[in-house]
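Subject: The structure you asked about

Hi,

Here is the structure I promised to pass on, with my notes underneath. Have it open in your viewer while you read, if you can.

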Amino acid sequence: MQSWWQLFIQGCLILLLIAGGVVAWTGEVPPRQLAHRAIYRSAVMYTSWQTRNWLETESAHFCLRYRPEDSEVARLVLDNAEAAYLPAAELLQYRPKGKSLLVLHPDRASLAREFGWTASESAMGVYWNGVIRLLSPQDWVYSQDLEEIKRVFSSIGPMVHEYTHLLVDCKARGNYPRWLTEGIAQYVERQLIGFTMPAPAEITAWYPLARMDRGFDSLPDQSLAYYQSLVLVDYLEQRWGWEAVLQLLERLGQGDSLEQACRQILSVSLQEFEAMFNKAADLERQGRQKAAACF
Ligand SMILES: [Zn+2]
């Protein structure tokens, strides 16, 4: 039997979909973007209900839900989010409406349960449909000293990366390939906190773009998939400028396909873009291998 709050959420979903249908019918917002907005709002609403018995603290732009065992670190997590807010918003040229929801999970098992993962999953943060879930630094920073936890969390923690995913999602209204959001999140992370994920030890070939969207998580070399995403965004930025990356997101947010956005902003087809990337990045890849061979 369903509990009253499940019925409440379902009721809200139906209302949102009806409201969405009316607005789509009047032609104000493209249906796909409208569906994204409805899913986004419903997911945030659902997570708020799901964590309604958790403790809560707020800042100017975030609302943080946490468990009593994380009372000591809740403030530093929230401060870290506020520190990321303005620089990330300026780089992405986007400020979300209202406060973004952060959920601080006390341990890996609690975070893994939300996604049906095993507790051995190493993610320290996950962005999904308007909600940023974070693994408590008490789980992975091996220090009892709050100042040390704060230093480590702000230098290698997941906040900037996950918050960038939220900004990309809002700006492009859910209409973007996975490689683009992973590349932009790593680009912003490197710009703002100087953190970069370790590059793969060896690259024998790049993945085709077509495999780097829905199939991203099942690509056999995850290190390569993330690294290639960053190299793709670096290539976009170096060849066309950061403004073009933002314009791509805007066009996608207006309902363009990636193909249309590429032609419009980069003046090349997606296939041409991929061929150009492969040519340019192959030189980089061969350069890396040559350099590695010297040692
Ligand atoms: Zn990511």
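The crossing of helices α3 and α6 is right-handed. In this predicted model, α3 covers residues 71-92 and α6 covers residues 146-156, and the two pack at an angle of about 35 degrees with their axes 10 Å apart. If you want to find the contact on screen, α3 contributes Glu72, Val73, Leu76, Asn80 and Ala83. From α6, the residues involved are Leu146, Ile149, Lys150, Phe153 and Ser154.

Stepping back for a moment, the protein chain has 12 helices and five strands. Of its 295 residues, 33% count as buried. Among contacts with a separation of 6 or more, 63% are made by residues 24 or more positions apart.

Next, the strand I would look at is β5, residues 131-135. Is β5 mostly covered or mostly open? It is mostly covered, with five of its five residues buried. Val131, Arg133 and Leu135 point one way from the strand, while Ile132 and Leu134 point the other way, and all are buried.

β5 also has strand partners. Strand β3 (residues 100-105) runs parallel to β5 and is joined to it by five bridges; here leucine 102 stands opposite isoleucine 132. β4, in contrast, runs antiparallel to β5, with four bridges between them, and glycine 125 has leucine 134 of β5 as its bridge partner.

The hairpin formed by β4 and β5 has two residues between the strands, and asparagine 129 there takes a positive phi near 50 degrees. That residue is not a glycine, and it sits in the loop between β4 (125-128) and β5. Why does asparagine 129 count as partly exposed? Because it has 16 other C-beta atoms within 10 Å, which falls between the cut-offs of 12 or fewer for exposed and 20 or more for buried.

A second residue other than glycine with a positive phi is serine 267, at near 60 degrees. You will find serine 267 in the loop between α11 (258-266) and α12 (270-293). Serine 267 is exposed, because 11 other C-beta atoms lie within 10 Å.

Now for the interior. The largest nonpolar core has 60 residues, and those with the most contacts inside it are Ala81, Leu102 and Tyr163. This core draws at least three residues from each of domain 2 (53-168) and domain 3 (175-293). Leu102 is the residue we met opposite isoleucine 132. Tyrosine 163 touches Ala81, Ala84, Ala88 and Ile132, leaving aside residues up to four places away in sequence.

One last residue to click on is arginine 108, which is found in helix α4 (residues 108-115). Is arginine 108 buried or exposed? It counts as buried, because it has 20 C-beta neighbours inside 10 Å. Arginine 108 and leucine 135 are 27 residues apart along the chain, yet their C-alpha atoms are separated by 6.7 Å. Leucine 135 belongs to β5 and is buried too.

Happy browsing, and do write back with any questions.

Best wishes

Notes
Residues are numbered from 1 along each chain as its sequence is written. This is a predicted model: local features need pLDDT of at least 70, side-chain atom pairs count only at pLDDT 80 or more; totals for chains, interfaces and linings use all residues. Two strands pair if DSSP finds at least two bridges between them. A nonpolar core is a set of buried Ala, Val, Leu, Ile, Met, Phe, Trp, Tyr and Cys residues joined through C-beta atoms within 7 Å. Domain bounds come from an automatic or database domain assignment. Two residues are in contact if their C-beta atoms, placed from the backbone, lie within 7 Å. Axes are lines fitted to C-alpha atoms, for helices over the stretch in contact, and angles run from 0 to 180 degrees between N-to-C directions. A crossing is left-handed if the near helix is turned anticlockwise from the far one by less than a right angle, and right-handed if clockwise.
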